[in-house]
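Let's take a walk through this fold together. Have the model open and follow along as we go from one part to the next.

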Amino acid sequence: MTTLAAVHTALPPHRYPQDRLTEPIGDLCLVPGADRAVLRRLHASAGVRTRHLALPIERYAALRDFRESNEAWLTAGLDLAERALTTALAQAGLAPADVDLLVCASITGVAAPSLDARLAGRIGLRPDVKRLPVFGLGCVAGAAGLARVHDYLRGHPGGTAVLLTVELCSLTLQKGDDSRANLVAGALFGDGAAALVARAAGTGGGEEPAAGPAVVATRSHLHPGTEHLLGWDVGAGGFRVVIDPAVPALVRHELGDQVRGFLAEHGLDTGDIGAWVCHPGGPKVLDAVADALALPDDALTPSRRSLAAVGNLSSASVLHILQGFTEAHRPEPGTWGLVLAMGPGFCTELVLLRW
């Protein structure tokens with residue numbers, strides 16, 4: 001059995017109220033004199049109160065091209081990754097040398113050597129640590145990464161594995177792009193990194209740290225013919241976001257049967273889930289999830305709270321929400337939880353937990 005020993009989120013120091021970002025983002029995305037009514041409406045309705053950015057907001061105008069944006073991602077991303085990972089390990093009572101597998105997910109920048117390779121010597125990971133850098137999963141990578149960590153630990157009794165997600169979404173904002181998708185991204189996404197430490201049953205000797213929830217089962221699902229709905233259009237300017245307005249309708253139509261079928265395999269239904277760890281794709285997506293699963297009004301409060309506090313952190317969001325369940329809002333023993341995220345593909349990932 002895989003136990004979640006610790007989860008920690010690291011956020012950049014540059015924190016802004018949502019209304020403080022609206023006009024500077026408008027300056028970046030819109031031509032001078034353009035009507036800003038749509039921009040302001042998107043910012044007001046995004047469900048976001050504050051966000052953390054990798055750079056001070058005034059620095060973004062000076063980024064000339066994708067190379068400079070990607071260099072900023074690498075510099076800031078390594079610092080946040082180190083904070084998230086070392087803090088999570090300390091909370092779990094472990095050292096970097098105890099890590100057997102490091103899965104590192106990011107969709108907001110690219111590097112070779114990858115982030116995890118650059119981080120290894122910096123924090124003291126073993127030279128024989130197994131590494132798996134992941135690009136392309138996007139918002140679903142927090143849940144999918146947890147599922148793959150669980151898969152690894154099932155075959156490695158006594159092992160310790162870490163999922164690290166690093167997403168600096170602000171550095172992908174396209175200057176001079178007034179498309180609705182780019183404006184939505186500018187209103188919704190924030191920056192941050194998160195690390196989750198997982199251990200196989202029976203790890204270590206002597207006194208162990210208080211255990212978090214256990215992973216019971218996982219499920220992945222690809223929706224054929226939906227590749228165009230979400231992702232990147234990669235060009236000379238870097239990563240241009242693709243967000244199709246049809247995503248909430250797809251969620252309403254498809255998600256209910258997937259989740260209910262998965263839970264039924266374990267003798268459960270949606271009413272048995274006491275902790276919903278749902279990726280906050282945005283207010284419309286959260287509404288669609290609630291409708292598809294007929295959830296009570298407060299079921300997705302942790303997701304809406306995370307969205308308001310830090311914005312959509314892409315793959316780091318479900319870990320930010322899960323951190324709340326392992327700290328201030330810890331469920332009672334025996335509580336069932338479900339980690340749920342969606343991403344490019346279009347795909348869904350489910351992870352069943354029990355405290």
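When I say that residues meet or are in contact, I mean that their heavy atoms lie within 4.5 Å. Keep in mind, too, that you're looking at a predicted model.

With that in hand, start at a pair of helices. P283, L286 and D287 in α8 meet S303, R304 and L307 in α9. How do the two helices run relative to each other? The axes of α8 (residues 283–293) and α9 (residues 301–310) come within 11 Å and cross at roughly 175°. An angle over 145 degrees counts as roughly antiparallel, so that is what α8 is to α9.

Stay with α9 for a moment. Its buried residues are P302, S303, S306, L307, A308 and V310. Two of the names from the α8 contact, S303 and L307, turn up in that list again. What do the buried residues of α9 pack against? You'll find β3, α6, β11, α8 and α10 (317–326) there. Just past the helix comes G311, with a positive phi near 80°.

One of those partners, α6, deserves its own stop. Seven of its nine residues are buried, so α6 is largely enclosed by the rest of the structure. Those buried residues are A181, N182, L183, A185, G186, A187 and L188. The cover over them includes α1 (18–29), α2 (37–45), β3 (50–53) and β10, along with α8 and α9. So the helix pair we began with shows up here as well, as part of what covers α6.

Now back up a little along the chain, into the loop between β6 (160–168) and α6 (180–188), where T172 is found. Is T172 buried or exposed? Buried means under 20% relative accessible area, and T172 has 10%, so it counts as buried. Setting aside neighbours within four places in sequence, T172 touches T108, W232 and F239.

Two of those contacts, W232 and F239, lead us straight to the aromatic rings. Searching the whole structure turns up four aromatic pairs. One of them joins F66 and F239 edge-to-face, at 5.4 Å centre to centre and with 75° between the planes. Why is this pair worth a look? F66 sits in helix α3 (residues 66–91) and F239 in strand β10 (residues 238–243), so the pair ties together parts that are 173 residues apart in sequence. F239 is buried, with a relative accessible area of 5%, while F66 is partly exposed at 26%.

F239 has another ring partner: it forms a stacked pair with W232, at 5.2 Å centre to centre and with 20° between the planes. W232 is partly exposed, its relative accessible area being 24%. Put together, ring pairs link F66, F135, W232 and F239 into a cluster.

From here, jump to the strands. What surrounds β12 on its two sides? Strand β12 covers residues 336–343, and eight of its eight residues are buried. On one side you have W336, L338, L340 and M342, on the other G337, V339, A341 and G343, and both faces are covered.

β12 has a strand partner in β11 (residues 273–278), which runs parallel to it and is joined to it by five bridges. To get your bearings there, look for C278, which stands opposite L340 in β12. β12 also pairs with β13 (residues 347–354), this time antiparallel and through eight bridges. Here G343 stands opposite C347 in β13. The hairpin of β12 and β13 has three residues between the strands, and in it G345 takes a positive phi near 150°.

Finally, let's lay the annotated domains over all this. An unreviewed UniProt entry places "Chalcone/stilbene synthase N-terminal" at residues 3–198. Over that stretch the chain is 40% helix and 22% strand, and the end C-alpha atoms are 6 Å apart. The UniProt annotation "Chalcone/stilbene synthase C-terminal", again from an unreviewed entry, covers residues 220–354. That span is 36% helix and 27% strand, with its end C-alpha atoms 19 Å apart.

Definitions and conventions
Residues numbered from 1 in each chain as written. Predicted model: local features only at pLDDT ≥ 70, side-chain atom pairs only at ≥ 80, totals over all residues. Heavy atoms only, no water. UniProt positions renumbered as here; feature names shortened; annotations may be inferred. Helix = DSSP H or I, 4+ residues; strand = E, 2+ residues; numbered from the N terminus. Buried < 20%, exposed > 50% of the residue type's maximum accessible area, 1.4 Å probe, protein only. Pairing = 2+ DSSP bridges. Phe/Tyr/Trp six-rings, centres within 6.5 Å; stacked < 30°, edge-to-face > 60°. Axes fitted to C-alpha atoms, helices over the stretch in contact; angles between N-to-C directions. Parallel < 35°, antiparallel > 145°, perpendicular 65-115°, else oblique.
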